[in-house]
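Biologist: Before we begin, could you show me the structure, and then let me ask how each term you use is justified?

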Amino acid sequence: MRVVNAEQMRQIEEKAIHHYGIPSLLLMENAAWAVVEEIRRCLPQGQVDFSGRKAVILVGKGNNGGDGLAVARHLVLQGMDVTVFLFAELKELKGDAALNLRLFQGTTGKCFIIEGEKQRRLTRLALAQADVVVDALFGIGMRGALPSLVEEYVDQVNRAPGWVVAIDIPSGVDANTGKVYRTAIRAQTTVTFGLPKWGLFLGEGPEYSGRVVVDPISIPASYLEDEGISTFVLTDDDVRKMLPIRTLKGHKGTHGKGILVAGSKGMSGAAVLAGRGALRSGIGLLQIVTPRGIAQEVDTAITEATIWSAPGDDFLNEEAWSVILKQSEKAQAFAVGPGLGQNLEFTLVLGDILSSLSCPVVLDADALNQLAIEPDLLGLRNGQGPLILTPHPGEMARLCECSVEDVESNRLDLAVAKAVEWEAVVVLKGSVTIIASPDGRAFFNPTGNPGLGTGGTGDVLTGSILAWLAQGVAPLEAACLGVYLHGKSADLLAGEYGWSGFTASEVADKLPKVRRELELKSNTGKEGMSLWGCDRFGLK
């Protein structure tokens, strides 16, 4: 599914209205119905109507406010006690928003204009009693900090006990960057229209958006599939198509041979976890090249892999290349870096790997740290074969010679720019990992949770990507598969344990299960869809 910035979405809507001929009022009505249906899903299980329920709708003067007023009307007509707080003068509402205000005024719903302090007490009481709070203050055109008067009420909303639903994007979150300048509505559900916006995945957007639901609101699919849009969010349907198909005649030789170069004294676990990630992702033959000083430890811990002892008691040294070169015959993919340690002797070997091997190579962890010290090594890969880099923000900062803050404030642009410059697939890890392609495309990954913030999970991811490459999946798709399924494994574990306490080994061990569930899952055929296929934000 494509992801857009605010301007791209405006252009799509304008095209749907003026070229296709969809009335703007119909788009607003469809948006309102999508929000109402999502509110229905938020009710306690088994309750199918709104009778006896209370809702508070916070409304601004623009089209986002018009959406909120249409929502308010539908909720009243379905039996809900609705109070609208309007953060604008009546005369400020124009066009479709003004019409929806008049329609709402014809119902039994209550409407109060927020003028200052005197409404605060009334709002606080209404919010304390509300089952649902709808944020229809500002849409995707909002830039900068919220007005000071609005901020005071936003803080009340964020303390309210009711379920908070944001329309299109939470007010206070920049639709392009995800930046929150001072405060923002902290929604538990965001219903966004047409296509999801960049700000739902960048910056603080994921923290404030909650569960994100996308509804096309009847905009033609051809308009939503504009080839000029180069950013995407991965979905089950997308990833399912990337999975390699196995046949009854398949065997370990046809399921791919991969070489993992990993480990050092005290870091044998990194090699083991990466190996487990590869095996649990279906690789046919896994061979691990590791220092002779820890080869026995690795061999004992991961019996399904072939272990090759290379020169070096504590670290792999420059003589390890002869072993790597010998084992590279018939290998479909290489992964280098987990637990290697900071040994400058290995720099020459890394150069040999990049310049001599034509099969896809994944670089992670200490291999990336060595690239940061010797950035000219990247040039050795040009024209030799596919390359995947998997940095976390700290490693990316070292590679780019900037601060971690610079990386985090510019994740999308930086990942794409470096993928193009380095001619590599860049997997920039984070709360929403970005997979960037050398052709300028970028993919947001919606799976995963804070439970992945524990030692060894990155090693499992490296091994998983290695396995998909070895099975013949193209580099960009292999990176997407690895990241998406790795996150879904963590989501499955979070369903059992919450956001902490599960281990990297358990993440690896869940990989076959989430792959199988993905293979069996069929498209529901529903127009609206949730981007987060898991209880990512603690929702039930």
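Biologist: Which helices and strands do the buried residues of H4 pack against?
Modeller: In this predicted model, the buried residues of H4 pack against helix H2 (24-42) and helix H3 (63-77), and also against strand E2 (81-86) and strand E3 (110-113).

Biologist: Which residues of helix H4 are the buried ones?
Modeller: Helix H4 covers residues 95-105, and its buried residues are Asp96, Ala97, Ala98, Asn100, Leu101 and Phe104.

Biologist: Why is Leu461 called buried?
Modeller: Buried means under 20% relative accessible area, and Leu461 has a relative accessibility of 6%, so Leu461 counts as buried. Leu461 lies in helix H18, residues 457-470, and, residues up to four places away in sequence not being counted, Leu461 touches Lys429, Gly482, Val483 and His486.

Biologist: What makes Thr457 buried or exposed?
Modeller: The same reasoning serves here: the cut-off for buried is under 20%, and because the relative accessibility of Thr457 is 6%, Thr457 counts as buried. Thr457 is also found in helix H18, and, leaving aside neighbours within four places in sequence, Thr457 is in contact with Leu452, His486, Ala504 and Val507.

Biologist: How many cavities of 30 Å³ or more does a search of the whole structure find, and which residues line the largest cavity?
Modeller: The search finds one cavity of 30 Å³ or more, and about 30 Å³ of space lies in the largest cavity. The residues lining the largest cavity are Arg280, Ser281, Trp468, Leu485, Leu511, Pro512 and Arg515, and helix H21 (residues 511-520) gives the most to this lining, with three residues.

Biologist: What makes some residues of that lining nonpolar, polar or charged?
Modeller: Leu, Trp and Pro count as nonpolar and Arg as charged, while Ser falls among the others, which count as polar, so the lining divides into four nonpolar, one polar and two charged residues.

Biologist: How do you know where the predictor is confident, and where is pLDDT under 50?
Modeller: The mean pLDDT of the protein chain is 93, and 95% of its residues reach 70 or more. Over residues 523-528, however, pLDDT stays under 50, and the model has six contacts beyond four places in sequence for them. Over residues 533-540 the pLDDT is below 50 as well, and this stretch has 21 contacts in the model beyond near neighbours in sequence. Where pLDDT is low, the predicted coordinates should not be read in detail.

How values were computed:
Residues numbered from 1 in each chain as written. Predicted model: local features only at pLDDT ≥ 70, side-chain atom pairs only at ≥ 80, totals over all residues. Heavy atoms only, no water. 1 Å grid on protein atoms, 1.4 Å probe; cavity = no way out; pocket = protein on both sides within 12 Å on 5 of 7 lines; lining within 4 Å. Points joined across faces, edges and corners; volume = space filled by probe spheres on them. Helix = DSSP H or I, 4+ residues; strand = E, 2+ residues; numbered from the N terminus. Buried < 20%, exposed > 50% of the residue type's maximum accessible area, 1.4 Å probe, protein only. Contact = heavy atoms within 4.5 Å. pLDDT = per-residue confidence, 0-100.
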